[in-house]
Amino acid sequence: MLNDSAISAPHDEKTGHGLTTREARERLARYGPNAVAEERPSFILALLGKFWAPVPWMLEATIILELVLGKNPEAGIITLLLVFNAVLSLLQENRAQGALLLLKKRLAVRARVLRDGAWRMLAAEELVPGDYLHLRMGDLVPADVRLDEGQVLLDQSALTGESMPVETGPKSIAHAGAIVRRGEASGEVVATGSHTAFGKTAELVRSAKTVSHLQSIIFTIVKYLVVMDGALVLLLVGYSQVVGMHLWEVLPFALILLVASVPVALPATFTLATALGSLELARHGVLATRLSAIEEAAAMNLLCSDKTGTITKNQLALAEFRVYPPFTQDDLLRIAAAASDEATQDPLDLAILARARERNLPSAPSERVELIPFDPATKLAEAVLLRDSTRVRVLKGAPQAIAARVAGGPAIDADVERLAANGYRVLAVASGPDNGLRMAGLLAFEDPPREDSAELVKRLRGLGVRVVMVTGDAPETARAVAARVGIGERVCPAEKLRAGIDGDGNDYDVFAGVFPEDKFNLVRRLQRSGVVGMTGDGVNDAPALKQAEVGIAVANATDVAKAAASLVLTNAGLTDLLAAVETSRRIYQRMLTYTLNKIVKTFQIALFLTLGVILTRVFIITPLLIVLLLFANDFVTMSISTDHVSFSRTPDRWHIGALMGVGLVVGTMVLIISFALFIFGRDWLNLPLAQLQTLVFLTLVFTGQGTVYLVRERHHFWNSAPSRWLLVSSIADISVVSAMAARGILMAPLGWTVIGIVLGSCAVYMAALDFLKVFALKGFNYAA
């Protein structure tokens with residue numbers, strides 16, 4: 001185990017000057033630590049932020065209005081609901097962030113640094129420009145380093161999206177975040193922190209602004225309801241002046257009617273539904289770090305997917321052979337394995353050796369007497385075998401380099417071009433004595449698609465989600481992979497993307513050769529015509545993950561990608577994304593049930609109470625009973641967030657106008673039973689006003705509960721069973737208000753017989769109304 005004490009200089013390494021501890025300390029003060037600053041808002045500021053949005057503003061205004069009118073209990077109830085919504089949302093998101101921190105299993109990065117003339121292991125955060133580093137196989141490059149000697153093979157897939165490793169040598173830059181797959185090299189740090197290529201991408205993440213439609217949806221719903229109730233309040237006040245009613249009698253009733261139109265439990269219900277949904281997603285291996293993304297996933301109609309490590313395995317494999325006589329495939333593979341070495345951890349060597357083991361071929365032949373690793377200068381690796389006292393050479397490397405050393409061999413250019421056109425990385429292999437090398441064949445490598453990628457694309461399309469590939473890889477490679485998994489073959493070159501694509505991008509299936517800012521700008525452009533999801537695993541994906549309504553980081557993603565995403569998959573592959581889409585659409589159905597239920601009840605209550613005053617010239621319910629109705633209906637129906645629902649086969653979008661239309665039709669029909677029971681109590685039972693007000697209260701509670709079961713199904717209400725919690729809350733609600741009415745608690749008492757008649761009448765009428773509901777939903781294109 002390495003520590004901060006001095007260590008010996010790396011073997012065969014030229015010792016650079018490095019920095020002294022004093023110089024490093026001065027530069028650390030000037031440039032800052034080698035880290036990208038993370039924004040971590042305080043808990044208090046985050047909590048206060050939950051009260052700063054259009055819907056909270058309306059509720060806060062309502063609280064002030066209640067206090068001005070001296071309605072302290074009512075103000076307290078609404079305040080509790082507002083605080084409940086804010087705290088629940090914040091705690092759930094903090095829980096997800098805490099779980100995300102637990103996913104960060106990577107140890108702190110450390111680096112070999114020349115300080116005060118001695119080599120030391122230091123934390124990467126302590127590096128400053130001018131430090132002299134040494135990189136070895138397996139290291140994560142901790143800063144941007146200009147190499148001055150040595151040669152390394154760098155895996156930059158997390159930075160660029162390119163699956164093939166890159167040879168890097170003197171005068172080249174090894175960028176922070178790359179992984180050394182082979183070789184050793186030394187060089188000087190030229191950039192740290194946010195000044196590195198890694199850091200600049202992380203800074204782009206900060207500029208990304210996640211678009212959320214949830215608050216605007218809630219605000220639009222509330223706006224419609226308040227405008228409707230406001231018109232009725234003006235009608236009521238105007239009527240009172242015409243008939244000579246005292247304004248001081250009408251105004252409190254009118255204001256409490258306006259308050260009743262504000263769905264105080266709507267934000268809390270939406271938050272509770274998404275919080276419960278996040279727990280369900282966690283059971284499917286999906287961690288929600290932003291609750292609004294769950295609702296957005298229901299409407300997602302386009303998924304932009306990274307290629308490397310997301311659709312593919314980010315692991316090279318042999319894809320195809322081209323063998324030249326007299327060699328066979330096994331001969332070609334055996335020869336190639338002889339010039340490969342597992343100790344170097346070269347991805348191409350590992351792929352060759354893995355296929356050799358699959359075919360039970362020797363991966364390290366006993367006759368090998370010499371192995372010269374890949375040399376970037378000659379572009380080949382070489383092995384020497386001793387067979388029957390005969391020296392046999394094996395060459396493996398770039399096709400042009402091998403062909404130049406083979407005299408009179410087969411023409412390979414056409415084969416190389418064909419394989420390269422399919423997106424393959426091609427190596428040539430030759431073997432023979434010193435004076436008689438013969439071309440054995442070509443090996444084609446690929447980063448193969450995951451086994452579940454094609455099925456995932458197919459099933460997402462079945463859910464109405466179009467999938468496109470967005471990658472930093474070459475167009476040929478991207479097209480080949482996209483075609484294999486069923487995405488398509490229409491490639492948009494990076495130049496065309498930067499110039500600006502027309503419309504919604506439907507003319508293309510693949511966007512290749514793109515940089516992080518290109519992905520970011522593409523997502524922003526596509527958001528104009530729909531709800532966009534983005535999957536990725538690398539630093540280069542992070543800005544687009546942050547910008548998308550639904551940013552999805554895969555299980556092997558970098559910490560930066562996970563921090564930028566709104567959903568983090570904890571199991572390998574993208575299969576759990578299907579569960580996220582299906583779960584989010586179930587949550588949408590629950591939200592839709594609550595919203596439609598609230599719209600129906602608002603129309604019913606507002607029209608019933610206003611017309612009741614106009615037609616009877618008495619207040620048919622008291623302000624206190626209206627507030628009690630708020631508890632009996634809005635608060636209890638929050639249990640809708642636990643209801644059993646199915647998911648739709650197409651993306652779910654909110655059509656507020658259509659919802660208002662359905663709500664008006666159904667609410668008007670519920671109004672009929674409300675007036676019928678009022679007339680029954682007044683003219684048949686001859687109940688005094690106080691008891692009539694109790695009867696009206698019970699009618700509104702019972703029809704409100706009936707409305708929940710009426711609108712929870714887009715088909716007939718008997719098509720599916722409600723959840724246990726929904727049933728329990730309804731039974732408890734009906735039981736409690738019936739007992740309060742029978743005992744005269746907060747209202748004039750009614751006999752159990754009358755209560756039973758009201759309950760039975762409401763149940764029968766609401767069941768019959770189900771047929772009209774189905775017709776109305778179809779008429780407004782809201783049927784399932």
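Mentor: Two strands pair if DSSP finds at least two bridges between them. Strands themselves are DSSP runs of E, at least two residues, and helices are runs of H or I, at least four, numbered from the N terminus. By the way, this is a predicted model, so local features need pLDDT of at least 70. Residues are numbered from 1 along each chain as its sequence is written.

Trainee: What makes β13 and β14 a pair?

Mentor: They share eight bridges, in the antiparallel sense, and the rule asks for at least two. Within that pair, Leu385 stands opposite Val392 in β14. Both strands sit in an open sheet ordered β11-β16-β15-β14-β13-β12.

Trainee: Why are β11 and β12 called edge strands?

Mentor: Each of them pairs on one side only.

Trainee: Why is α10 called roughly perpendicular to α22?

Mentor: Their angle is about 95°, taken between N-to-C directions of axes fitted to C-alpha atoms over the stretch in contact, on a scale from 0 to 180 degrees. Roughly perpendicular covers 65 to 115 degrees, so the label fits. Ile294 of α10 and Tyr588 of α22 are among the residues making the contact, where contact means heavy atoms within 4.5 Å.

Trainee: How do you know that Cys304 is buried?

Mentor: Buried means under 20% relative accessible area, with a 1.4 Å probe and protein chains only. Cys304 has 0%, so it counts as buried. Cys762, at 2%, is buried by that rule too.

Trainee: How many disulfides are there?

Mentor: Zero; a disulfide needs a pair of cysteine sulfur atoms within 2.5 Å.

How values were computed:
This is a predicted model: local features need pLDDT of at least 70, side-chain atom pairs count only at pLDDT 80 or more; totals for chains, interfaces and linings use all residues. Side-chain values use heavy atoms; hydrogens and water are left out. Angles under 35 degrees count as roughly parallel, over 145 as roughly antiparallel, 65 to 115 as roughly perpendicular and the rest as oblique. Buried means under 20% relative accessible area, exposed over 50%, partly exposed in between (1.4 Å probe, protein chains only).
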